[in-house]
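Got your viewer open and a hand on the mouse? Let's take a walk through this structure, one selection at a time.

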Amino acid sequence: MGEIAIRDFTNALANGEDPRSVRGVCYISKEANEDYIELPSHDECLKDKNKYIDLFDHFYQNNDPINANGLCQQIDSRYLIQNPPCDYLDEKEMDYIADFKYVRELHPYHVPEGKVKCLETVKFSIQTHHGCWGECNFCAIGVHQGRTIRTRSEANILKEAKEFTTYKDFKGIISDVGGPTANMYGYECGKKLKKGTCDDIRCVDFDRLCKVMKVDHSRHLKLLQNIRKVPGIKKAFLASGLRYDFISADKKHGYEYLKELVNHHISGQMKVAPEHTSDRVLKLMGKPGKEPLIEFKKMYDRLNKEAGKQQFLTYYLIAAHPGCEEKDMHELKHFTKHELKMNPEQAQVFTPTPGTYSSVMYYTELDPVTRKKIFVEKDTKRKEKQKDIVIDKSYYQRRKSGGASFQS
Ligand code: SF4
């Protein structure tokens, strides 16, 4: 997130200063910066995939403004210099930026091209925070937004909800109250806030949640309750991703939080992202194991029954992630059928996203932790085949005939 970098960069230009000292800036230089970590050169990386993993490890670990070093890399006869990232916005600054007078409209330049459907999804949605420490290996949010949560204040968020009611086309529905992971709002690890992200361990890794991280849904719970009290708000949905494994990790508020969501903040279905159910693939993805999913589903179903509601769970699934073979997709199909009692209607074929460990796996065909060889499906047809193993094909037939829904 470059708000502070942009401010400092433009100030430096306006004052006639050299902008190369600004944090969050990259530039080309004839020399390396001796105070920065020198990464394996571009040439070395091309020759040795392990060097490329070394490079990515440095890039990934030097991402937190509190403890990041600057980086430099030789490319041919020049160097790419990357300054340490700019500081994170604090709560006051988050509120300040959210307070700008956004028009929530399509840019006039594009109006003649007609309506943009996706604007409807985001026009009246609220972003509660930046950052994500979930570290799913296929996702770049932890790199570009950082792994520390920065929240807006409740008062500022309620002000935005109130402002929605002044728009003529607002129908009382807030499409989303969330962030990269909705239930990371309002709490953080004290150690991380003081000293920066740990290099050697992850806050959450498969089924291990760091003991220092105290998951606490109380602030998000109170926020959702107070949004409902804003005059003119009929519904405020939670459509952002939710870490279902955190619900049971929060012994004090987890159950109450999910009950609140089931009763007030779901539009008939809740989207969760297990992505897979084979432990081997899940570990490569950096996702939790299947036990928390089973536990969550039981709690979700029970709460729906108690509330007299028929709301579903929709599962995001990925086919052909590095390490995933056809036999893993059969295992996933078996699990969805017998444990989740559903036929998936959709699955996504893995797409390598820049700045992620999964892309490093895709390119190197190595597990970046053990450095052992892994299987990577690169053939387009066989990737599709992996997807077809798990999905209910009749969904597509129904979609063609206009009758398919997204529910499972
Ligand atoms: S102490 Fe634990 S929760 Fe805090 S940053 Fe390190 S790994 Fe994350």
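Start by selecting Ile66 and showing its neighbours: leaving aside residues up to four places away in sequence, Ile66 touches Lys192, Leu193, Lys194, Lys195 and Gly196. What you have on screen is a predicted model, by the way. Ile66 sits in the loop between α3 (49–61) and β3. Now pick Leu193 from that set of neighbours. Along the chain, Ile66 and Leu193 are 127 residues apart, yet their C-alpha atoms are separated by 8.3 Å. Switch on a surface for a moment, and you can look for Ile66 there: with 45% relative accessibility, Ile66 counts as partly exposed.

**Next stop: the ligand**

Select the ligand and then the residues around it. Which residues surround the ligand? Click through Cys189, Lys191, Lys192, Cys198, Ile201, Arg202, Cys203, Cys210, Val212 and Met213. You have already met Lys192, one of the residues that Ile66 touches. Try colouring this shell by residue type: you should get 7 nonpolar residues, 3 charged ones and no polar ones.

**Over to a sheet**

Switch to cartoon view and find the open sheet of 4 strands. Its strands come in the order β1-β4-β3-β2, and the pairing is mixed. At the edges you'll find β1 (26–29) and β2 (37–38), each of which pairs on one side only. Zoom in on β2 and its partner β3 (residues 71–75): the two run parallel and are joined by 2 bridges. To see them face each other, select Ile37, which stands opposite Leu71 in β3.

**Salt bridges**

Time for some charged side chains. How many salt bridges does a search of the whole structure find? The count is 27, and we'll visit a few.

Begin with helix α13 (residues 290–307), where Asp301 and Lys297 are 4 residues apart, so about one helical turn separates them. Show both side chains and you'll see them meet in a salt bridge, 2.7 Å from N to O. Are both of them out in the open? Not according to the computed values: Asp301 is partly exposed at 35% relative accessibility, whereas Lys297 is buried at 15%. The cut-off for buried is under 20%, which is why Lys297 with its 15% falls in that class.

Now select Glu365, which has two partners to look at. One of them is Lys373, with the closest N and O atoms 3.2 Å apart. The other is Lys378, where the closest N and O atoms are 2.8 Å apart. Glu365 and Lys378 are 13 residues apart, and both lie in the loop between α15 (357–364) and α16 (380–390). Compare how open to the outside these residues are: Lys373 is exposed at 62% relative accessibility, Glu365 is partly exposed at 22%, and Lys378 is partly exposed at 34%.

For one more charged group, select Asp54, Asp57 and Arg371 together: salt bridges link them in a network.

**Rings**

Hide the charged residues and show the aromatic ones. The structure holds 16 aromatic pairs. Take Tyr244 and Phe296: their ring centres are 5.8 Å apart and their planes make an angle of 40 degrees, so this pair is tilted. Tyr244 belongs to the loop between β12 (235–236) and α10 (245–249), while Phe296 belongs to helix α13, and the two are 52 residues apart. Buried or exposed, what would you say for Tyr244 and for Phe296? Tyr244 is buried at 4% relative accessibility, and Phe296 is buried too, at 2%.

Then select Phe56, Phe59, Tyr60 and Tyr357, which ring pairs link into a cluster.

**Last stop: Phe335**

Finish with Phe335, in helix α14 (residues 326–338). Phe335 is buried, with a relative accessible area of 7%. What does Phe335 touch, not counting residues up to four places away in sequence? Its contacts are Thr277, Lys290, Leu293, Ile294 and Leu340. To get a sense of scale before you close the viewer, draw a distance from the C-alpha atom of Phe335 to that of Asn63: the two are separated by 37 Å, and they are 272 residues apart along the chain.

Note on methods: Residues numbered from 1 in each chain as written. Predicted model: local features only at pLDDT ≥ 70, side-chain atom pairs only at ≥ 80, totals over all residues. Heavy atoms only, no water. Pairing = 2+ DSSP bridges. Buried < 20%, exposed > 50% of the residue type's maximum accessible area, 1.4 Å probe, protein only. Contact = heavy atoms within 4.5 Å. Salt bridge = Lys/Arg side-chain N within 4 Å of Asp/Glu carboxyl O. Near = heavy atom within 4 Å. Nonpolar A, V, L, I, M, F, W, Y, C, P; charged D, E, K, R; others polar. Phe/Tyr/Trp six-rings, centres within 6.5 Å; stacked < 30°, edge-to-face > 60°.
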